[in-house]
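User: Please take a close look at a single helix in this model, and describe its geometry, its buried positions and the surroundings of one residue within it.

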Amino acid sequence: MSTGRDPGLQPERTRLAWRRTLLTVTVVTALAVRLAATGDPTGALIAGATVLVWGALLVLCWPRGTGTGPARSGGRTLPLVAVGTVVLALLGVLLVLRGLW
């Protein structure tokens, strides 16, 4: 019985993690658009920004999640996804605050 890790499964786990990230961002975007669909111009602007961030994250995560992208992209993908996640969180806070006004 070997106690070492199986490096053969690491690429699959990585692809699944990127897919979960993309699925989470998609759900958050759908909820933000639904929350902002009140006809208010501010809500529409925030929802539009959310969709733009979602599109950027889709471009970044899709190749990694499907295994069709490069294994390394100069180390820029993860920081960009982190920034996109923070921007989505801030947009969500703006939507909630707008609903409380």
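**Helix α2 and Thr50**

Analyst: In this predicted model, helix α2 has 26 residues and reaches 36 Å from its first C-alpha to its last, which is close to the 38 Å expected at 1.5 Å a residue. The helix bends by about 30° at Leu60, and a proline, Pro63, follows within four residues of that position. Just after α2, Gly67 takes a positive phi of about 80°.

The buried residues of α2 include Gly43, Ile46, Ala47 and Thr50, and further along the helix Val53, Leu57, Cys61 and Gly65 are buried as well. Thr50, which lies in this helix, within residues 41-66, has a relative accessibility of 1%, and because buried means under 20%, Thr50 counts as buried. The side chain of Thr50 reaches the backbone oxygen of Ile46 at 2.9 Å, and Ile46 is itself among the buried residues of α2.

Leaving aside residues up to four places away in sequence, Thr50 touches Thr29, Ala32, Leu88 and Leu91. Two of these partners, Thr29 and Ala32, also appear among the buried residues of α1, together with Trp18, Leu22, Val25 and Ala36. As for helix α1 itself, its 27 residues (residues 10-36) should span 39 Å at 1.5 Å a residue, and because its end C-alpha atoms are 39 Å apart, the two values agree.

Technical notes
Residues numbered from 1 in each chain as written. Predicted model: local features only at pLDDT ≥ 70, side-chain atom pairs only at ≥ 80, totals over all residues. Heavy atoms only, no water. Helix = DSSP H or I, 4+ residues; strand = E, 2+ residues; numbered from the N terminus. Buried < 20%, exposed > 50% of the residue type's maximum accessible area, 1.4 Å probe, protein only. Polar contact = N/O pair within 3.5 Å; in protein donor to acceptor, adjacent residues only side chain to side chain. Contact = heavy atoms within 4.5 Å. Expected span 1.5 Å × (residues − 1). Bend = angle between axes of the 7 residues up to and from the residue.
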